[in-house]
Amino acid sequence: MAESTKSAKLTIDGTDYDLPIYSPTAGPDVIDIRKLYGQAGVFTYDPGFTSTASCDSTITYIDGGKGELLHRGFPIDQLAEKSHYLEVCYLLLYGELPTAEQLEDFENRVTMHTMLHEQMHFLFRGYRRDAHPMAIMVGVVGALSAFYHDSTDVTDPWQREVATIRLIAKMPTIASMAYKYTLGQPFVYPRNELDYASNFLRMCFAVPAEDYEVNPILSRAMDRIFTLHADHEQNASTSTVRLASSSGANPFACVAAGIACLWGPAHGGANQACLEMLREIGSVDRIPEFIARAKDKNDDFRLMGFGHRVYKNFDPRAKVMKESADEVLDLLGIEDNPVLQVAKELERQALADPYFAEKKLFPNVDFYSGIILEAMGFPTSMFTPIFALSRTVGWISQWKEMIADPQLKIGRPRQLYQGETLRDYVEMEKR
Ligand code: SDX
(Lines give C-alpha, C1' and ligand atoms only; values in the text may rest on other atoms or scores of the structure.)
Protein backbone atom coordinates (compact mmCIF):
# COMPACT_ATOMS: atom_id res chain seq x y z
CA MET A 1 0.00 0.00 0.00
CA ALA A 2 1.33 3.47 -0.88
CA GLU A 3 2.49 5.63 2.05
CA SER A 4 0.23 8.58 2.94
CA THR A 5 2.04 11.91 2.50
CA LYS A 6 -0.96 14.20 3.04
CA SER A 7 -4.50 14.07 4.41
CA ALA A 8 -7.99 15.44 3.80
CA LYS A 9 -9.84 17.26 6.58
CA LEU A 10 -13.53 16.49 6.99
CA THR A 11 -15.58 18.55 9.41
CA ILE A 12 -18.89 17.12 10.70
CA ASP A 13 -20.91 19.01 13.32
CA GLY A 14 -17.84 21.01 14.29
CA THR A 15 -15.57 17.96 14.69
CA ASP A 16 -12.57 17.62 12.34
CA TYR A 17 -11.48 14.25 10.96
CA ASP A 18 -8.16 13.76 9.16
CA LEU A 19 -8.39 11.16 6.38
CA PRO A 20 -5.11 9.88 4.88
CA ILE A 21 -4.56 10.51 1.15
CA TYR A 22 -2.53 8.05 -0.92
CA SER A 23 -0.91 8.99 -4.24
CA PRO A 24 -0.87 6.25 -6.93
CA THR A 25 1.84 5.68 -9.56
CA ALA A 26 -0.78 6.95 -12.06
CA GLY A 27 -4.28 8.39 -11.76
CA PRO A 28 -6.13 10.35 -9.07
CA ASP A 29 -5.16 10.45 -5.39
CA VAL A 30 -7.42 8.38 -3.12
CA ILE A 31 -8.83 9.31 0.29
CA ASP A 32 -8.73 6.43 2.78
CA ILE A 33 -12.16 6.30 4.46
CA ARG A 34 -11.74 2.87 6.09
CA LYS A 35 -11.83 4.35 9.61
CA LEU A 36 -14.52 6.98 8.86
CA TYR A 37 -17.50 5.03 10.21
CA GLY A 38 -15.57 4.03 13.34
CA GLN A 39 -14.44 7.61 14.00
CA ALA A 40 -17.39 9.72 12.76
CA GLY A 41 -20.30 7.24 12.66
CA VAL A 42 -21.11 8.11 9.04
CA PHE A 43 -21.03 6.17 5.74
CA THR A 44 -20.04 7.56 2.33
CA TYR A 45 -22.61 7.29 -0.45
CA ASP A 46 -21.62 6.30 -4.01
CA PRO A 47 -24.11 4.03 -5.88
CA GLY A 48 -22.46 2.85 -9.11
CA PHE A 49 -19.04 3.53 -7.53
CA THR A 50 -18.39 6.54 -9.78
CA SER A 51 -15.87 7.97 -7.27
CA THR A 52 -14.86 4.91 -5.28
CA ALA A 53 -11.66 2.85 -5.47
CA SER A 54 -12.57 -0.68 -4.36
CA CYS A 55 -9.00 -2.00 -4.15
CA ASP A 56 -5.40 -1.26 -4.96
CA SER A 57 -4.06 -3.01 -8.04
CA THR A 58 -0.93 -3.18 -10.23
CA ILE A 59 -2.45 -4.88 -13.28
CA THR A 60 -4.27 -2.43 -15.59
CA TYR A 61 -4.52 1.35 -15.72
CA ILE A 62 -6.94 3.47 -17.79
CA ASP A 63 -6.57 7.17 -18.38
CA GLY A 64 -10.12 8.06 -19.49
CA GLY A 65 -9.16 11.60 -20.49
CA LYS A 66 -6.24 10.56 -22.72
CA GLY A 67 -7.93 7.41 -23.97
CA GLU A 68 -5.02 5.34 -22.67
CA LEU A 69 -5.08 1.68 -21.55
CA LEU A 70 -1.97 0.09 -20.00
CA HIS A 71 -1.47 -3.56 -19.03
CA ARG A 72 1.38 -3.73 -16.49
CA GLY A 73 2.49 -0.40 -18.03
CA PHE A 74 2.45 -1.52 -21.69
CA PRO A 75 -0.05 0.38 -23.93
CA ILE A 76 -2.80 -1.68 -25.53
CA ASP A 77 -2.05 -0.52 -29.08
CA GLN A 78 1.55 -1.81 -28.84
CA LEU A 79 0.38 -5.11 -27.32
CA ALA A 80 -2.31 -5.52 -30.02
CA GLU A 81 0.25 -4.88 -32.77
CA LYS A 82 3.35 -6.66 -31.40
CA SER A 83 2.16 -9.28 -28.90
CA HIS A 84 -0.46 -12.03 -28.91
CA TYR A 85 -3.16 -13.15 -26.51
CA LEU A 86 -1.31 -15.85 -24.55
CA GLU A 87 1.71 -13.57 -24.12
CA VAL A 88 -0.66 -10.85 -22.81
CA CYS A 89 -2.18 -13.49 -20.50
CA TYR A 90 1.30 -14.19 -19.11
CA LEU A 91 1.91 -10.44 -18.67
CA LEU A 92 -1.38 -9.91 -16.83
CA LEU A 93 -0.90 -12.97 -14.61
CA TYR A 94 2.78 -12.65 -13.72
CA GLY A 95 3.56 -8.95 -14.23
CA GLU A 96 6.31 -9.05 -16.86
CA LEU A 97 6.63 -10.02 -20.52
CA PRO A 98 7.89 -13.64 -20.66
CA THR A 99 11.20 -14.84 -22.02
CA ALA A 100 10.94 -17.20 -24.98
CA GLU A 101 11.38 -20.16 -22.62
CA GLN A 102 8.75 -18.89 -20.14
CA LEU A 103 6.28 -18.28 -22.95
CA GLU A 104 6.81 -21.74 -24.45
CA ASP A 105 6.26 -23.35 -21.04
CA PHE A 106 3.12 -21.28 -20.40
CA GLU A 107 1.64 -22.04 -23.82
CA ASN A 108 2.37 -25.76 -23.36
CA ARG A 109 0.65 -25.76 -19.96
CA VAL A 110 -2.42 -24.09 -21.48
CA THR A 111 -2.42 -26.52 -24.42
CA MET A 112 -2.37 -29.49 -22.05
CA HIS A 113 -5.59 -28.32 -20.36
CA THR A 114 -7.82 -27.46 -23.35
CA MET A 115 -9.95 -30.62 -23.21
CA LEU A 116 -13.09 -30.75 -21.04
CA HIS A 117 -13.91 -33.69 -18.73
CA GLU A 118 -15.93 -36.03 -21.00
CA GLN A 119 -18.68 -36.33 -18.40
CA MET A 120 -19.33 -32.56 -18.79
CA HIS A 121 -20.56 -33.14 -22.32
CA PHE A 122 -23.78 -34.44 -20.77
CA LEU A 123 -24.35 -31.06 -19.05
CA PHE A 124 -24.99 -29.45 -22.42
CA ARG A 125 -27.77 -31.97 -23.12
CA GLY A 126 -29.85 -30.38 -20.36
CA TYR A 127 -30.21 -27.12 -22.33
CA ARG A 128 -32.70 -26.39 -25.09
CA ARG A 129 -30.96 -26.18 -28.44
CA ASP A 130 -32.08 -22.55 -28.74
CA ALA A 131 -30.53 -21.58 -25.39
CA HIS A 132 -28.38 -18.43 -25.49
CA PRO A 133 -24.72 -19.54 -25.41
CA MET A 134 -24.15 -17.24 -22.42
CA ALA A 135 -26.77 -19.19 -20.46
CA ILE A 136 -24.80 -22.35 -21.24
CA MET A 137 -21.45 -20.77 -20.34
CA VAL A 138 -22.68 -19.51 -16.96
CA GLY A 139 -23.86 -23.03 -16.12
CA VAL A 140 -20.96 -25.05 -17.49
CA VAL A 141 -18.21 -22.78 -16.10
CA GLY A 142 -19.84 -22.89 -12.67
CA ALA A 143 -20.01 -26.67 -12.98
CA LEU A 144 -16.22 -26.91 -13.50
CA SER A 145 -16.01 -26.81 -9.68
CA ALA A 146 -17.93 -30.11 -9.67
CA PHE A 147 -15.33 -31.81 -11.87
CA TYR A 148 -12.00 -30.29 -10.88
CA HIS A 149 -12.04 -30.61 -7.09
CA ASP A 150 -8.22 -30.71 -7.05
CA SER A 151 -8.07 -26.98 -7.94
CA THR A 152 -10.80 -25.39 -5.85
CA ASP A 153 -8.91 -24.71 -2.59
CA VAL A 154 -8.09 -21.00 -2.91
CA THR A 155 -5.71 -21.13 0.08
CA ASP A 156 -3.33 -23.42 -1.86
CA PRO A 157 -1.11 -21.45 -4.30
CA TRP A 158 -0.56 -24.54 -6.44
CA GLN A 159 -4.32 -25.16 -6.78
CA ARG A 160 -4.81 -21.48 -7.63
CA GLU A 161 -2.25 -21.83 -10.42
CA VAL A 162 -3.87 -24.99 -11.80
CA ALA A 163 -7.34 -23.38 -11.73
CA THR A 164 -5.89 -20.36 -13.55
CA ILE A 165 -4.47 -22.47 -16.37
CA ARG A 166 -7.60 -24.63 -16.58
CA LEU A 167 -9.90 -21.62 -16.95
CA ILE A 168 -7.80 -19.94 -19.65
CA ALA A 169 -7.37 -23.26 -21.48
CA LYS A 170 -10.97 -24.46 -21.31
CA MET A 171 -12.95 -21.30 -22.04
CA PRO A 172 -12.50 -21.58 -25.85
CA THR A 173 -13.53 -25.24 -25.67
CA ILE A 174 -16.64 -24.44 -23.61
CA ALA A 175 -17.60 -21.42 -25.76
CA SER A 176 -17.24 -23.41 -28.99
CA MET A 177 -19.22 -26.32 -27.50
CA ALA A 178 -22.00 -23.91 -26.52
CA TYR A 179 -22.07 -22.67 -30.12
CA LYS A 180 -21.99 -26.16 -31.67
CA TYR A 181 -24.74 -27.30 -29.34
CA THR A 182 -27.07 -24.52 -30.50
CA LEU A 183 -26.29 -25.46 -34.12
CA GLY A 184 -27.06 -29.12 -33.53
CA GLN A 185 -23.57 -29.97 -34.76
CA PRO A 186 -21.14 -32.35 -32.98
CA PHE A 187 -18.56 -30.91 -30.62
CA VAL A 188 -15.07 -30.47 -32.11
CA TYR A 189 -12.13 -31.41 -29.91
CA PRO A 190 -9.15 -29.04 -29.52
CA ARG A 191 -5.95 -29.82 -31.46
CA ASN A 192 -2.57 -29.41 -29.73
CA GLU A 193 -0.74 -28.34 -32.87
CA LEU A 194 -2.93 -25.24 -33.30
CA ASP A 195 -2.40 -21.86 -31.62
CA TYR A 196 -5.05 -20.58 -29.22
CA ALA A 197 -7.09 -18.49 -31.68
CA SER A 198 -6.83 -21.02 -34.53
CA ASN A 199 -7.95 -23.78 -32.17
CA PHE A 200 -11.02 -21.76 -31.21
CA LEU A 201 -11.95 -20.98 -34.84
CA ARG A 202 -11.58 -24.64 -35.78
CA MET A 203 -13.66 -25.84 -32.80
CA CYS A 204 -16.38 -23.38 -33.88
CA PHE A 205 -16.41 -23.89 -37.63
CA ALA A 206 -15.02 -27.38 -38.40
CA VAL A 207 -17.47 -30.19 -39.21
CA PRO A 208 -16.72 -33.94 -39.47
CA ALA A 209 -17.78 -33.92 -43.11
CA GLU A 210 -14.77 -31.99 -44.36
CA ASP A 211 -11.36 -30.66 -43.33
CA TYR A 212 -11.16 -27.12 -41.96
CA GLU A 213 -8.19 -24.90 -42.74
CA VAL A 214 -7.80 -21.84 -40.50
CA ASN A 215 -7.26 -18.62 -42.44
CA PRO A 216 -4.19 -16.99 -40.79
CA ILE A 217 -5.60 -13.49 -41.22
CA LEU A 218 -8.84 -14.49 -39.47
CA SER A 219 -6.94 -16.20 -36.64
CA ARG A 220 -4.77 -13.10 -36.26
CA ALA A 221 -7.92 -10.93 -36.08
CA MET A 222 -9.46 -13.38 -33.58
CA ASP A 223 -6.32 -13.27 -31.43
CA ARG A 224 -6.37 -9.46 -31.55
CA ILE A 225 -10.02 -9.42 -30.38
CA PHE A 226 -9.04 -11.68 -27.48
CA THR A 227 -6.16 -9.31 -26.60
CA LEU A 228 -8.31 -6.16 -26.78
CA HIS A 229 -10.84 -7.63 -24.33
CA ALA A 230 -8.37 -9.23 -21.90
CA ASP A 231 -8.64 -6.90 -18.90
CA HIS A 232 -10.03 -3.48 -18.03
CA GLU A 233 -9.46 -2.42 -14.38
CA GLN A 234 -12.42 -2.75 -11.99
CA ASN A 235 -15.31 -2.93 -14.50
CA ALA A 236 -18.64 -4.41 -13.41
CA SER A 237 -17.84 -8.07 -14.16
CA THR A 238 -14.33 -7.89 -12.68
CA SER A 239 -15.75 -6.27 -9.55
CA THR A 240 -18.30 -9.10 -9.44
CA VAL A 241 -15.52 -11.69 -9.55
CA ARG A 242 -13.60 -9.84 -6.82
CA LEU A 243 -16.65 -9.54 -4.56
CA ALA A 244 -17.61 -13.20 -5.06
CA SER A 245 -14.00 -14.27 -4.42
CA SER A 246 -13.76 -12.18 -1.23
CA SER A 247 -15.93 -14.80 0.53
CA GLY A 248 -13.41 -17.53 -0.39
CA ALA A 249 -15.63 -19.07 -3.09
CA ASN A 250 -13.81 -21.23 -5.63
CA PRO A 251 -12.51 -19.54 -8.83
CA PHE A 252 -14.81 -21.47 -11.18
CA ALA A 253 -17.93 -20.26 -9.33
CA CYS A 254 -16.55 -16.71 -9.20
CA VAL A 255 -15.81 -16.61 -12.94
CA ALA A 256 -19.35 -17.90 -13.57
CA ALA A 257 -20.60 -14.88 -11.58
CA GLY A 258 -18.44 -12.63 -13.77
CA ILE A 259 -19.93 -14.19 -16.92
CA ALA A 260 -23.43 -13.52 -15.60
CA CYS A 261 -22.60 -9.85 -15.00
CA LEU A 262 -20.86 -9.42 -18.36
CA TRP A 263 -24.01 -10.64 -20.15
CA GLY A 264 -25.87 -7.37 -19.52
CA PRO A 265 -26.34 -5.04 -22.55
CA ALA A 266 -24.79 -2.12 -20.63
CA HIS A 267 -21.58 -4.17 -20.32
CA GLY A 268 -20.34 -7.10 -22.37
CA GLY A 269 -23.73 -7.65 -24.00
CA ALA A 270 -23.28 -4.32 -25.79
CA ASN A 271 -21.46 -5.89 -28.77
CA GLN A 272 -24.52 -8.01 -29.54
CA ALA A 273 -26.85 -5.06 -28.85
CA CYS A 274 -24.71 -2.77 -31.02
CA LEU A 275 -24.87 -5.03 -34.08
CA GLU A 276 -28.63 -5.50 -33.60
CA MET A 277 -28.95 -1.70 -33.44
CA LEU A 278 -26.88 -1.23 -36.63
CA ARG A 279 -29.09 -3.77 -38.38
CA GLU A 280 -32.23 -2.00 -37.10
CA ILE A 281 -30.90 1.31 -38.47
CA GLY A 282 -30.40 -0.60 -41.72
CA SER A 283 -29.27 2.26 -43.94
CA VAL A 284 -27.33 5.51 -43.59
CA ASP A 285 -30.40 7.64 -44.33
CA ARG A 286 -32.04 6.44 -41.09
CA ILE A 287 -29.08 7.43 -38.90
CA PRO A 288 -30.40 10.94 -38.02
CA GLU A 289 -33.63 9.34 -36.69
CA PHE A 290 -31.64 7.16 -34.25
CA ILE A 291 -29.30 9.95 -33.22
CA ALA A 292 -32.35 12.05 -32.38
CA ARG A 293 -33.76 9.19 -30.28
CA ALA A 294 -30.44 8.84 -28.41
CA LYS A 295 -30.61 12.56 -27.54
CA ASP A 296 -34.30 12.48 -26.56
CA LYS A 297 -34.61 12.47 -22.75
CA ASN A 298 -38.06 10.87 -23.06
CA ASP A 299 -36.67 7.96 -25.06
CA ASP A 300 -34.59 5.41 -23.16
CA PHE A 301 -32.86 4.39 -26.42
CA ARG A 302 -29.07 4.62 -26.27
CA LEU A 303 -26.51 4.24 -29.04
CA MET A 304 -25.08 0.82 -28.17
CA GLY A 305 -21.31 0.79 -28.53
CA PHE A 306 -21.05 4.43 -27.49
CA GLY A 307 -20.09 5.89 -24.15
CA HIS A 308 -18.05 4.61 -21.24
CA ARG A 309 -17.88 5.16 -17.51
CA VAL A 310 -14.15 5.88 -17.65
CA TYR A 311 -13.22 6.85 -21.22
CA LYS A 312 -14.21 10.43 -21.88
CA ASN A 313 -12.18 10.24 -25.07
CA PHE A 314 -11.83 7.55 -27.73
CA ASP A 315 -11.61 4.00 -26.31
CA PRO A 316 -8.11 3.01 -27.56
CA ARG A 317 -9.41 -0.51 -28.18
CA ALA A 318 -12.04 0.83 -30.58
CA LYS A 319 -9.31 2.40 -32.71
CA VAL A 320 -7.44 -0.91 -33.06
CA MET A 321 -10.70 -2.77 -33.59
CA LYS A 322 -11.65 -0.38 -36.40
CA GLU A 323 -8.35 -1.15 -38.20
CA SER A 324 -9.02 -4.88 -37.82
CA ALA A 325 -12.55 -4.47 -39.16
CA ASP A 326 -11.19 -2.88 -42.33
CA GLU A 327 -8.53 -5.63 -42.72
CA VAL A 328 -10.97 -8.52 -42.21
CA LEU A 329 -13.65 -7.11 -44.49
CA ASP A 330 -11.10 -6.31 -47.20
CA LEU A 331 -9.80 -9.89 -46.93
CA LEU A 332 -13.31 -11.29 -47.18
CA GLY A 333 -14.12 -8.98 -50.06
CA ILE A 334 -17.07 -7.46 -48.24
CA GLU A 335 -15.60 -4.03 -47.65
CA ASP A 336 -18.95 -2.68 -48.82
CA ASN A 337 -20.68 -4.51 -45.92
CA PRO A 338 -23.85 -2.43 -45.36
CA VAL A 339 -23.58 -2.80 -41.58
CA LEU A 340 -20.01 -1.49 -41.66
CA GLN A 341 -21.10 1.42 -43.84
CA VAL A 342 -23.85 2.29 -41.36
CA ALA A 343 -21.34 1.96 -38.47
CA LYS A 344 -18.79 4.30 -40.07
CA GLU A 345 -21.42 6.90 -41.02
CA LEU A 346 -23.08 6.66 -37.58
CA GLU A 347 -19.69 7.24 -35.94
CA ARG A 348 -19.01 10.24 -38.22
CA GLN A 349 -22.40 11.86 -37.59
CA ALA A 350 -22.41 11.17 -33.83
CA LEU A 351 -18.91 12.56 -33.33
CA ALA A 352 -19.90 15.68 -35.29
CA ASP A 353 -22.98 16.20 -33.09
CA PRO A 354 -22.50 18.65 -30.18
CA TYR A 355 -24.59 16.42 -27.86
CA PHE A 356 -22.12 13.54 -28.05
CA ALA A 357 -19.12 15.85 -27.89
CA GLU A 358 -20.56 17.58 -24.81
CA LYS A 359 -21.37 14.25 -23.11
CA LYS A 360 -18.00 12.85 -24.24
CA LEU A 361 -19.65 9.86 -25.88
CA PHE A 362 -17.19 8.05 -28.17
CA PRO A 363 -17.28 4.58 -29.74
CA ASN A 364 -16.15 1.96 -27.22
CA VAL A 365 -14.64 -1.51 -27.59
CA ASP A 366 -18.02 -2.98 -28.51
CA PHE A 367 -18.71 -0.69 -31.45
CA TYR A 368 -16.57 -2.44 -34.06
CA SER A 369 -16.02 -5.89 -32.52
CA GLY A 370 -19.46 -7.13 -33.59
CA ILE A 371 -18.81 -6.17 -37.20
CA ILE A 372 -15.61 -8.24 -37.31
CA LEU A 373 -17.18 -11.19 -35.54
CA GLU A 374 -20.17 -11.20 -37.88
CA ALA A 375 -17.85 -11.00 -40.91
CA MET A 376 -15.95 -14.01 -39.49
CA GLY A 377 -19.19 -16.01 -39.46
CA PHE A 378 -20.27 -15.75 -35.82
CA PRO A 379 -23.94 -15.13 -34.95
CA THR A 380 -24.58 -12.16 -32.63
CA SER A 381 -25.37 -14.61 -29.80
CA MET A 382 -21.69 -15.63 -29.80
CA PHE A 383 -20.32 -12.09 -29.41
CA THR A 384 -20.58 -11.91 -25.62
CA PRO A 385 -19.32 -15.51 -25.08
CA ILE A 386 -16.20 -14.44 -27.03
CA PHE A 387 -15.90 -11.37 -24.78
CA ALA A 388 -16.23 -13.67 -21.72
CA LEU A 389 -13.59 -16.04 -23.12
CA SER A 390 -11.20 -13.11 -23.62
CA ARG A 391 -11.88 -11.48 -20.24
CA THR A 392 -11.33 -14.69 -18.25
CA VAL A 393 -7.62 -13.87 -17.94
CA GLY A 394 -8.50 -10.41 -16.60
CA TRP A 395 -10.92 -11.80 -14.06
CA ILE A 396 -8.42 -14.44 -12.96
CA SER A 397 -5.46 -12.02 -12.80
CA GLN A 398 -7.46 -9.67 -10.58
CA TRP A 399 -8.65 -12.67 -8.51
CA LYS A 400 -5.07 -13.92 -8.00
CA GLU A 401 -3.99 -10.41 -6.93
CA MET A 402 -6.83 -10.11 -4.43
CA ILE A 403 -6.64 -13.65 -2.99
CA ALA A 404 -2.90 -13.28 -2.34
CA ASP A 405 -3.45 -10.00 -0.41
CA PRO A 406 -2.91 -10.67 3.32
CA GLN A 407 -5.30 -7.77 4.07
CA LEU A 408 -8.13 -9.52 2.17
CA LYS A 409 -11.53 -8.84 3.78
CA ILE A 410 -14.94 -10.00 2.63
CA GLY A 411 -16.66 -7.23 0.65
CA ARG A 412 -19.68 -5.96 2.55
CA PRO A 413 -21.00 -2.49 1.49
CA ARG A 414 -23.37 -0.54 3.74
CA GLN A 415 -26.42 1.49 2.61
CA LEU A 416 -28.44 4.68 2.92
CA TYR A 417 -31.60 3.18 4.47
CA GLN A 418 -34.81 4.98 3.41
CA GLY A 419 -37.35 2.36 4.50
CA GLU A 420 -39.83 2.12 7.42
CA THR A 421 -38.46 2.45 10.94
CA LEU A 422 -39.45 0.02 13.71
CA ARG A 423 -43.20 -0.87 13.80
CA ASP A 424 -45.29 -3.74 15.26
CA TYR A 425 -46.89 -6.64 13.34
CA VAL A 426 -50.53 -5.96 12.30
CA GLU A 427 -52.97 -8.87 12.73
CA MET A 428 -54.99 -9.76 9.64
CA GLU A 429 -58.31 -8.53 11.05
CA LYS A 430 -56.81 -5.07 11.64
CA ARG A 431 -55.40 -4.54 8.12
C1 SDX B 1 -18.08 -2.21 -21.70
O2 SDX B 1 -16.36 -0.62 -17.37
C3 SDX B 1 -15.72 -1.10 -18.36
O4 SDX B 1 -14.50 -1.01 -18.47
C5 SDX B 1 -16.57 -1.83 -19.37
C6 SDX B 1 -15.84 -2.34 -20.60
C7 SDX B 1 -14.85 -3.40 -20.25
O8 SDX B 1 -13.92 -3.61 -21.04
O9 SDX B 1 -15.05 -4.10 -19.23
O10 SDX B 1 -15.16 -1.27 -21.25
C11 SDX B 1 -16.81 -2.98 -21.60
O12 SDX B 1 -19.01 -2.52 -20.99
C13 SDX B 1 -18.14 -1.01 -22.64
C14 SDX B 1 -19.51 -0.26 -22.55
C15 SDX B 1 -20.51 -1.04 -23.41
N16 SDX B 1 -21.87 -0.50 -23.21
C17 SDX B 1 -22.51 0.15 -24.21
O18 SDX B 1 -22.01 0.45 -25.29
C19 SDX B 1 -23.96 0.47 -23.87
C20 SDX B 1 -24.24 1.94 -24.23
N21 SDX B 1 -23.48 2.78 -23.29
C22 SDX B 1 -24.20 3.29 -22.12
O23 SDX B 1 -25.10 2.37 -21.57
C24 SDX B 1 -23.25 4.00 -21.13
O25 SDX B 1 -22.46 4.82 -21.86
C26 SDX B 1 -22.40 3.17 -20.19
C27 SDX B 1 -23.19 2.19 -19.39
C28 SDX B 1 -21.35 2.45 -20.95
C29 SDX B 1 -21.72 4.16 -19.23
O30 SDX B 1 -22.72 4.73 -18.49
P31 SDX B 1 -22.39 5.79 -17.31
O32 SDX B 1 -20.95 6.04 -17.16
O33 SDX B 1 -23.12 5.34 -16.10
O34 SDX B 1 -22.92 7.10 -17.90
P35 SDX B 1 -24.42 7.56 -17.74
O36 SDX B 1 -25.35 6.41 -18.01
O37 SDX B 1 -24.52 8.29 -16.44
O38 SDX B 1 -24.57 8.58 -18.97
C39 SDX B 1 -24.06 9.90 -18.85
C40 SDX B 1 -24.91 10.72 -19.83
C41 SDX B 1 -26.41 10.46 -19.65
O42 SDX B 1 -27.08 11.63 -20.06
P43 SDX B 1 -27.65 12.60 -18.86
O44 SDX B 1 -28.55 11.73 -17.97
O45 SDX B 1 -26.40 13.07 -18.10
O46 SDX B 1 -28.37 13.71 -19.58
O47 SDX B 1 -24.61 10.29 -21.18
C48 SDX B 1 -25.78 9.72 -21.77
C49 SDX B 1 -26.73 9.38 -20.65
O50 SDX B 1 -28.10 9.46 -21.10
N51 SDX B 1 -25.34 8.51 -22.45
C52 SDX B 1 -25.76 8.13 -23.67
C53 SDX B 1 -25.07 6.93 -23.93
N54 SDX B 1 -24.29 6.63 -22.88
C55 SDX B 1 -24.47 7.59 -21.97
N56 SDX B 1 -26.64 8.69 -24.53
C57 SDX B 1 -26.82 8.02 -25.68
N58 SDX B 1 -26.19 6.88 -26.03
C59 SDX B 1 -25.31 6.30 -25.16
N60 SDX B 1 -24.69 5.16 -25.49
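**Exercise 1. In this predicted model, determine how S5 is joined to strand S6 and describe the hairpin that the two strands form.**

Solution. Begin with the pairing: S5 and strand S6, the latter covering residues 74-75, run antiparallel and are joined by two bridges. Next, look for residues that face each other across the pair, where His-71 is found opposite Phe-74 in S6. Finally, turn to the connection, in which two residues lie between the strands and Arg-72 takes a positive phi near 50 degrees.

**Exercise 2. Carry out the corresponding analysis for strand S4 and strand S5.**

Solution. Strand S4 spans residues 60-63 and strand S5 spans residues 68-71, and these antiparallel strands are joined by four bridges. Across this pair, Asp-63 stands opposite Glu-68 in S5. The hairpin of S4 and S5 has four residues between the strands, and Gly-67 has a positive phi near 70 degrees there.

**Exercise 3. Establish how many disulfides the structure holds, and examine the surroundings of Cys-89 and Cys-261.**

Solution. A disulfide is a covalent bond between the sulfur atoms of two cysteines, and the cut-off applied to a pair of sulfur atoms is 2.5 Å. The structure holds zero disulfides. Cys-89 is accordingly in no disulfide, the nearest cysteine sulfur being that of Cys-204, 17 Å away; Cys-89 counts as buried because its relative accessibility is 0%. For Cys-261, the closest cysteine sulfur belongs to Cys-254 and lies 13 Å from its own, which is too far for a bond. With a relative accessible area of 25%, Cys-261 is partly exposed.

Definitions and conventions:
Residues numbered from 1 in each chain as written. Predicted model: local features only at pLDDT ≥ 70, side-chain atom pairs only at ≥ 80, totals over all residues. Heavy atoms only, no water. Buried < 20%, exposed > 50% of the residue type's maximum accessible area, 1.4 Å probe, protein only. Pairing = 2+ DSSP bridges.
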